[in-house]
Amino acid sequence: MTKSTKALRSAIALTGVSAFALTACTGPSGGGGGSTASENANSVIAYGTTDKVTALDPAGSYDNGSFMVMNQIYSFLLNSKPGGAEPTPDLAESASFTTPTEFTVKLKGDLKWANGHVLDSKDVKFSFDRQVKISDPNGPASLLTNIESIATPDATTVVFTLEKANDQTFPQILTSPAAPIVDDEVFPADKLLSDDEIVKANAFHGQYVIDSFNKNTLVSLKAWPDYKGVLGKPANAGATIKYYTDQTNMKLEVKGGQIDVANRSLSATDIDDLKKDSNVKVHVGPGGEMRYIVFNFDTMPFGAKTPEADPKKALAVRQAAADLIDRQAISDQVYKGTYLPMWSNVPSGFAGANESFKEAYGDGSGKPSLDKAKKVMADAGITGPVNIKLQYNPDHYGNSSGDEYAMIKDQLEKSGLFTVDLQSTEWVTYNTASKKDSYPVFQLGWFPDFSDADNYLTPFFVGGGFMNNHYSNAEVETLIAKQLITADKAEREKTIQEVQNLLAKDISTLPLLQGAQVAVSGTNVKGVDSTLDASFKFRLGTISK
Amino acid sequence: MATLIDAPPPTVAAPKSKAAGGGLGRYILIRFLLIFPTIFILVTLVFFLMRITGDPITAAQGGRLPQEQIDALVHQAGYDRNLLIQYIEYLGNIATGNFGRTISDGRPVVEMLAKFGAATLELSINAVAVALLVGIPLGMFAAHKRDKVPDAFLRTFAILCYATPVFFAGLLLKLTFSVGLGWFPVAGRASTTTELAMGRLVAPTGIYWLDALRSGDLSAFGDIVHHAVLPAVALGLLTAGVFLRLVRTNVIGTLGKDYVEAGRSRGVSEYRLVTKHAYKPALIPIITVMGLQIALLLGGAVLTETTFEWKGLGYQLAQYLTARDFVAVQGIVMLLAVIVAVTNFVVDIAAALIDPRVRY
């Protein structure tokens, strides 16, 4: 009994000591990631994101989270300098069309991988060939369909033979997720290499090498002094990438200084809140993300396969909707300015973009017009309100989609011209069903594969497009094909504008919003704005504190 | 939960038969063998329930790929074969420790289980520590002050503890002590510096505070404990409430026994009666209840880990469920089943060692 009493007393004492110990630990942590701000260009930058890494192997991933890391550790034949999206030689010394179907790249001399292996034309050919050979479902191999073959006449020359001549998007493809160059002595030719093996082999050639890799938890990068690409020496000694699931946790850690900079994906409300906080800076840059409504030409009201089929009336329905939707109100009220109104199929900022919908619909200056909508409907002989079954997705395009589409319903119904049956479906079935004529009118979004206007045209409007909405216009397809091979920039831009004008007449899709890139940083952090450019590549190398 | 707490102490189960011919060895063997059918049934259920909605690849892709490509991948992975054959093959694979690779990020499932299992184990240990440190002393104190104001207060506190949803408790703690007062970190198991240091250890166990102690890094240890407090309290309070009520009830029950009355009549103080005579019998049921609480703790860990970005099995389970990664989910559920089964086995044995009457 005495022994037991002692044990009990010990337990109680331990309780007290533990409580004291825990209390003692509640002060600021010395080892905190709060990395005290030192005005030192050689300090380590702490970056936070809610994106996830699927794979470090470029053949095994095609998502923002993986590509963000790849942009720090791999080089490309062509890349863009911070501030723009113009393809510029990176590993290449020069790159251009040498015949209409041959794109020749000359590599810089004496290139080496961080592990000491030689980086030459063999690595380049190997990188593209394995992308195509592996063709992983999570990978970007589909971007390389125009490559017929690759030749390497010598160690510093690579010749791409293309199926379609004068492909003006090809230089952009070389900066895309399909194009990081990998070490042929490390990566297998026919299967993916695991993240840990890549890190262990030190198979990097970028501004940084990976110092430690804890997937989707914490990645530590160290500046690599032998990098010879277009991005130059990073403005910091290294960086950590911390992964969050809860955007609120990330927001709180930026506010608390535990991380220096965060982007993707803070909500509009969080960003609005952070804008009012004097301890942080909110940075906004151009974005390539697009939100739009798709009309299924077969099943929409008066569509080709409906009992009341009438192409004129169907067009009037689309035009009236275009007249009535107030993009600015959605941008301001739902997205707090993190998405901006979009008045064409090609987002502003891209070469050739115009605002074809702005002039053609509403009051001509971007505001809605009820009178115009009423006239369009009356001219087409539509008397009563038209019922629209409008579908949106609640889990793929962010939490605000519900508010966005509630507002669209309200704007359409307020006119008295429409009654809207608003429905939502989870992405698992939504994406498949939308392509199988299940939804007459529905929401979609798009993020570009590479920074070129064509990426908003060919996938949508050539050969039926990926949306499978039964829209087809031979003139549009001819012009899209033309701009794709027009080397003269001014002429190409003119053709792109013609395409947009035709699309605005037909309204196969109704562009609504263009996303902005938003990052949040501590007030002592510099260089964030430099990387928020039209390349949509977040480069840690521009950031310092 | 209420029946659990109000029920008489479960340790006094009447012997079903005489121990002769049984004995501890036989009891342990039977209990051990019972683990396997339990796990087998669960694995089978999970396998077939997961397949009700289709094959794992179609589910994970969510219609992102063209149907032809999905069909090719499904065929390549063998998910278009007879379900029974797939099931037998699956059992064969897990029997040899081959759990495959996750669909969404291609990670070996075994590696994922080892890494994130350690984090969940750490959180569970921390939570149990909180539950014991809070539940037992307060339960004894409530018994000592029975029917007085402190007792009423502690009983209400206990009810609040186990009636409050763990995610709500977590959010409340986070808002108060992290966001409001700034005393504790918002999220994570450690600061960046410590996380990196833990990742660089030669043979880490994955339990951060243990690794920090083994490497003699007291600064890292402090940082880890600092991060662990709120998640451990959020999860631990759930069980602390149960323990508090249980200990209180049992101590009061014991205080009514003849031998305690005899002590009381000899002038032994009430405090001494509680701390010297009544506590040991009152603690025995804690061991049994602890086994039952493990499943509850693991369930709560899913929510606690998500709230505090504690990257353990619960956190990963939520991620993989969102990604519809059935292969990963099966692996995690299987491991959780093993943990619950093994814990219950250990608890049964411990209870049998303490009180031979429970053997049969």
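**View 1. Lys52(A), a partly exposed lysine in a loop of the predicted model.** In this predicted model, Lys52(A) comes out at a relative accessible area of 25%, so it goes down as partly exposed. Look for Lys52(A) in the loop that links strand 1 (44-49) to helix 2 (64-73) of chain A. Leaving aside residues up to four places away in sequence, Lys52(A) touches Asp63(A), Gly65(A), Ser66(A), Asn216(A), Tyr244(A) and Thr245(A), plus two residues of chain B, Tyr315(B) and Gln319(B). If you want a ruler in the scene, try Lys545(A): the C-alpha atoms of Lys52(A) and Lys545(A) are 25 Å apart, with their positions 493 residues apart in sequence.

**View 2. Thr240(A), a buried threonine in strand 10 of chain A.** Strand 10 covers residues 238-243 of chain A, and Thr240(A) has its place there. Its relative accessibility is 6%; since buried means under 20%, Thr240(A) counts as buried. What does Thr240(A) touch, once residues up to four places away in sequence are set aside? From chain A there are Val44(A), Ile45(A), Ala46(A) and Tyr47(A), along with Leu218(A), Val219(A) and Ser220(A). Chain B joins in through Thr192(B) and Leu196(B).

**View 3. An open, antiparallel sheet of four strands in chain A.** Reading across, the strand order is 4-5-7-6. Strand 4 (92-99) and strand 6 (147-154) sit at the edges, each pairing on one side only. Ignoring direction, neighbouring strands in this sheet are turned by 20° against each other on average. Helix 3 (residues 121-134) of chain A packs on the sheet and touches strand 5 (102-107), strand 6 and strand 7; the helix direction makes about 165° with that of strand 6.

**View 4. Strand 6 and strand 7 of chain A, side by side.** How many bridges join this antiparallel pair? Five bridges link strand 6 to strand 7 (residues 157-162) of chain A. To pick one out, go to Ala151(A), whose bridge partner in strand 7 is Val159(A). As a reminder, strands of a sheet pair through backbone hydrogen bonds, either parallel or antiparallel.

**View 5. Two loop residues of chain A with positive phi, Ser135(A) and Asn202(A).** Most residues other than glycine have a negative phi, so a backbone check is likely to land on this pair. Ser135(A) isn't a glycine, yet its phi is about 40°. Ser135(A) belongs to the loop between helix 3 and strand 6 of chain A, and a relative accessibility of 36% makes it partly exposed. For Asn202(A), phi is near 50°, again positive in a residue other than glycine. Asn202(A) lies between helix 5 (195-201) and strand 8 (208-214) of chain A, in the connecting loop. At 25% relative accessibility, Asn202(A) also counts as partly exposed.

**View 6. Helix 2 packed with helix 15 in chain B.** Helix 2 (residues 23-52) and helix 15 (residues 326-354) of chain B meet at an angle of about 160°, and their axes are 9 Å apart. Because of that angle, helix 2 is roughly antiparallel to helix 15. The crossing of the two helices is right-handed. Residues in this contact divide into 23 nonpolar, one polar and three charged. For the wider setting, chain B has 15 helices and zero strands, and 47% of its 360 residues are buried.

Note on methods
Residues numbered from 1 in each chain as written. Chains lettered and ligands numbered in written order. Predicted model: local features only at pLDDT ≥ 70, side-chain atom pairs only at ≥ 80, totals over all residues. Heavy atoms only, no water. Axes fitted to C-alpha atoms, helices over the stretch in contact; angles between N-to-C directions. Parallel < 35°, antiparallel > 145°, perpendicular 65-115°, else oblique. Left-handed = near helix turned anticlockwise from the far one by under 90°. Nonpolar A, V, L, I, M, F, W, Y, C, P; charged D, E, K, R; others polar. Pairing = 2+ DSSP bridges. Contact = heavy atoms within 4.5 Å. Buried < 20%, exposed > 50% of the residue type's maximum accessible area, 1.4 Å probe, protein only.
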